[in-house]
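I open this page to keep a record of what I looked up, entry by entry.

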Amino acid sequence: MPEMLPQHDTTRFLDDLRTAQISNLLVAAVIEFDVGRVLAAGPLLYDDLRERLGLADRSAIVLLTALRSIDLIDVHADHRIGLTAYGQEKMDPDSPFHLRGYLGLGRFSGDVQNMIQCLRDDAPAGNVSFVFHEDGPPSSLDDTETADTLTRAMADRARNVAPMLAAQLDLGQCKHLVDVGGAHGLYSLALLKKYPGLRATIIDRGPPLRVAQEYAEAAGCMDRVTFRLDDAHHAKLDDPADAVLLANLLHDYNEADARAMVQHYAGELARGGCLMVLDSLLESVPEGAPPVSAGPRPVAAYSALLFSICEGRCYRRDEIDRWLTDAGLSIDEATISLPAHGALVTGRKDWKS
Ligand SMILES: C[S@@+](CC[C@H](N)C(=O)[O-])C[C@H]1O[C@@H](n2cnc3c(N)ncnc32)[C@H](O)[C@@H]1O
């Protein structure tokens with residue numbers, strides 16, 4: 001039977017879903033952090049601006065990236081951040097055409113208040129956070145009901161993306177794929193279907209693995225999948241991986257944890273093996289420039305959503321490249337582009353190392 005593929009635009013649908021995050025950040029920027037007033041006197045260096053706004057690094061990156069993605073601020077050649085002419089007219093209190101009062105009506109929105117709390121605390125506002133740390137408090141990822149809902153939600157998205165990944169990705173030389181934080185396992189299953197000689201290990205917490213088992217059974221792949229209950233930060237592989245997939249995982253964690261995960265799995269690769277990061281990536285910034293990407297806007301919106309429910313955010317392409325190269329891998333020139341602004345970036349371990 002020919003494989004069923006989505007017929008309509010997944011990217012557009014998810015962009016529409018996430019777009020409100022930019023409004024929440026815009027209102028927060030004006031009513032709570034007063035970015036227009038802070039920058040009215042002139043551009044500031046990133047650290048000075050962050051300090052004036054009273055924000056931690058991650059909060060500042062998420063907020064300023066959103067504002068830059070909608071052209072209200074920009075980064076100058078001298079690396080200072082300033083209002084654009086458009087931003088000055090709409091956000092500077094001295095502008096005759098500012099819209100600060102109008103935007104201020106947004107303060108009555110619960111979502112805006114929630115976002116302000118997240119920005120102030122640099123942490124999710126509710127008591128659900130989709131992360132697991134061995135030495136941390138009980139995790140939602142181990143809660144059967146919450147994690148089952150999360151996993152099936154991720155599966156919805158993966159059904160729209162996995163066929164495109166499998167169509168473009170060449171794993172012809174691989175025998176063992178390790179899908180870290182693989183949840184439902186649909187990326188692995190799509191690749192197992194394409195490569196009959198491939199086997200996969202899916203690493204996750206218990207409730208997601210139960211969903212993965214259900215899908216693997218339905219796909220007739222149980223004999224080629226190992227389900228491994230472990231901590232994605234530190235899982236040691238008994239059997240070196242020819243390919244490791246980190247799909248939509250790094251963005252759940254802060255920079256230090258995400259970088260450490262890349263480093264860890266680079267060490268678990270067989271010679272010539274590849275570490276593949278699949279994520280929605282923001283545009284790179286030049287070396288030495290402030291960590292405030294120009295967008296794209298839908299990824300800046302997605303970054304805000306992640307920021308409000310876990311410890312991470314969307315990372316920039318230059319960050320992923322740096323982590324992979326710091327881990328001793330060389331980056332494939334070709335990047336696979338996927339729906340929902342997804343990019344698959346591959347770092348490869350030397351045959352000799
Ligand atoms: C955002 S979901 C992505 C799922 C899947 N890779 C995808 O792209 O659809 C992240 C997955 O990583 C798992 N995960 C996150 N942190 C983990 C940890 N420390 N140990 C094991 N699994 C973890 C979660 O349970 C979840 O299934």
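I began with confidence: the mean pLDDT of the protein chain (the predictor's confidence in each residue, from 0 to 100) is 96, and 99% of its residues reach 70 or more. The model scores ipTM 0.99 and pTM 0.96. I note that this is a predicted model, in which local features need pLDDT of at least 70 and side-chain atom pairs count only at pLDDT 80 or more, while totals for chains, interfaces and linings use all residues. Residues are numbered from 1 along each chain as its sequence is written.

Next I turned to the ligand. Of the 19 residues around it (C-beta atom, placed from the backbone, within 6 Å), G181, A183, A232, A247 and N248 come nearest. I sorted this shell into 10 nonpolar, 5 polar and 4 charged residues, counting Ala, Val, Leu, Ile, Met, Phe, Trp, Tyr, Cys and Pro as nonpolar, Asp, Glu, Lys and Arg as charged, and the others, Gly among them, as polar. Helix 9 (residues 144-168) gives the most to the shell, with 3 residues; helices (H or I, at least four residues) and strands (E, at least two) are DSSP runs, numbered from the N terminus.

Then I looked up S293, which lies in the loop between strand 7 (269-280) and helix 13 (297-309). Is S293 buried or exposed? I find S293 buried, because 27 other C-beta atoms lie within 10 Å, where 20 or more count as buried, 12 or fewer as exposed and anything in between as partly exposed, with C-beta atoms placed from the backbone. The C-alpha atoms of S293 and R317, 24 residues apart along the chain, are separated by 9.8 Å.
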